[in-house]
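Work through the exercises below with the sequence and the structure in view. Try each task before reading its solution.

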Amino acid sequence: MSMYQSFETNPDLEKEGVWNEIYDKTTGEKSFRVKLAHASASNTALKSRLEALYKPHRRLKEMGALSIEKETEIVRQAFAETVVKAWETWSEGEWKPGIEAKDGSILPFNAKNVIEVLTALPVVFTLLQGSSFEMDVYLKGNREEDAKN
């Protein structure tokens, strides 16, 4: 297999996103799923948003003086606004659009609510970031094979 056959990604999947199901750690049941665009060099929306958010802090960043807290805040906001394309919660045997709140209610899917969840639950942010970096789910060949099966 050639390098291109092995590593060529599907641009539509990279941009529109792929669903990532997350399961409850104690019960193993479905919990929520998030549709993630590929957080790669080809994600121009992510790059543009990061540039815009870093602009007021450019000098501090260049000097290595930007705090890790501010850096995380910027990356989290750009991620929520450009990589997270949809969020659904498993409730009453079906996927429901929105994000589960701490009280169990379902909040509307929007960047503000995504940022709040990713701030309150940093491990979820880390998990979703890792999934969005995974190249395999965005590969052209893998999706073509899945379609055949």
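**Exercise 1: an enclosed strand**

Task. Is strand 2 largely enclosed or open, and why?

Solution. Five of the seven residues of strand 2 are buried, so this strand is largely enclosed by the rest of the structure. Buried means under 20% relative accessible area, exposed means over 50%, and partly exposed lies in between, with a 1.4 Å probe and protein chains only. Strands (E, at least two residues) and helices (H or I, at least four) are DSSP runs numbered from the N terminus.

The model is predicted: local features need pLDDT of at least 70, side-chain atom pairs count only at pLDDT 80 or more, and totals for chains, interfaces and linings use all residues. Residues are numbered from 1 along each chain as its sequence is written, and side-chain values use heavy atoms, with hydrogens and water left out.

**Exercise 2: the whole protein**

Task. How many helices and strands does the protein have, and in what pattern do they follow along the sequence?

Solution. Begin with the count: there are eight helices and six strands. Next, read along the sequence, which gives α-α-β-β-α-α-α-β-β-β-β-α-α-α. For the extent, the C-alpha atoms fill a box of roughly 50 × 50 × 25 Å along the principal axes. Finally, of the 149 residues, 34% are buried.

**Exercise 3: the sheet**

Task. In what order do the four strands of the open sheet lie, and which are the edge strands?

Solution. Two strands pair if DSSP finds at least two bridges between them. The order of the open sheet is 1-2-3-4, with antiparallel pairing. Its edge strands, which each pair on one side only, are strand 1 (18–23) and strand 4 (94–97). From one strand to the next, the twist averages 30°, where axes are lines fitted to C-alpha atoms (for helices over the stretch in contact) and angles run from 0 to 180 degrees between N-to-C directions.

Now take the pairs in turn. Six bridges join strand 1 and strand 2 in the antiparallel sense, and Y23 has K30 of strand 2 as its bridge partner. The hairpin of these two strands has six residues between them, and there G28 takes a positive phi near 80°. Strand 2 (residues 30–36) is also joined to strand 3 (residues 84–91), antiparallel, by five bridges. Across this pair, V34 stands opposite W87, and R33 has E88 as its bridge partner.

**Exercise 4: three residues**

Task. Are R33, S131 and E94 buried or partly exposed?

Solution. Start with R33, which is found in strand 2. Its relative accessibility is 16%, so R33 counts as buried. Not counting residues up to four places away in sequence, R33 touches W19, N20, E21, A86, W87, E88 and W95; contact means heavy atoms within 4.5 Å. W19 is 14 residues from R33 along the chain, and their C-alpha atoms are separated by 6.4 Å.

Go on to S131, in helix 7 (residues 122–133). S131 also counts as buried because its relative accessibility is 16%. Leaving aside neighbours within four places in sequence, its contacts are N20, L36 and Y138.

Last comes E94, in strand 4. With a relative accessible area of 44%, E94 is partly exposed. From E94 to F125 the distance is 24 Å, C-alpha to C-alpha, and the two are 31 residues apart in sequence.

**Exercise 5: two pockets**

Task. Which element gives the most to the lining of the largest pocket, and which to that of the second largest?

Solution. A pocket is found on a 1 Å grid over the protein atoms alone, as an open set of points where a 1.4 Å probe fits, with protein on both sides within 12 Å along at least five of seven lines; lining residues have an atom within 4 Å of a point.

The largest pocket has a volume of about 320 Å³. It is lined by 15 residues, and E100, A101, K102, V117 and L121 lie nearest its centre. Helix 6 gives the most to this lining, three residues.

The second largest pocket holds about 250 Å³ of space. Its lining includes I22, Y23, F32 and L127. Here the largest share, three residues, comes from helix 7. Strand 1 and strand 2 each supply at least two residues as well.

Terms used
Points joined across faces, edges and corners; volume = space filled by probe spheres on them.
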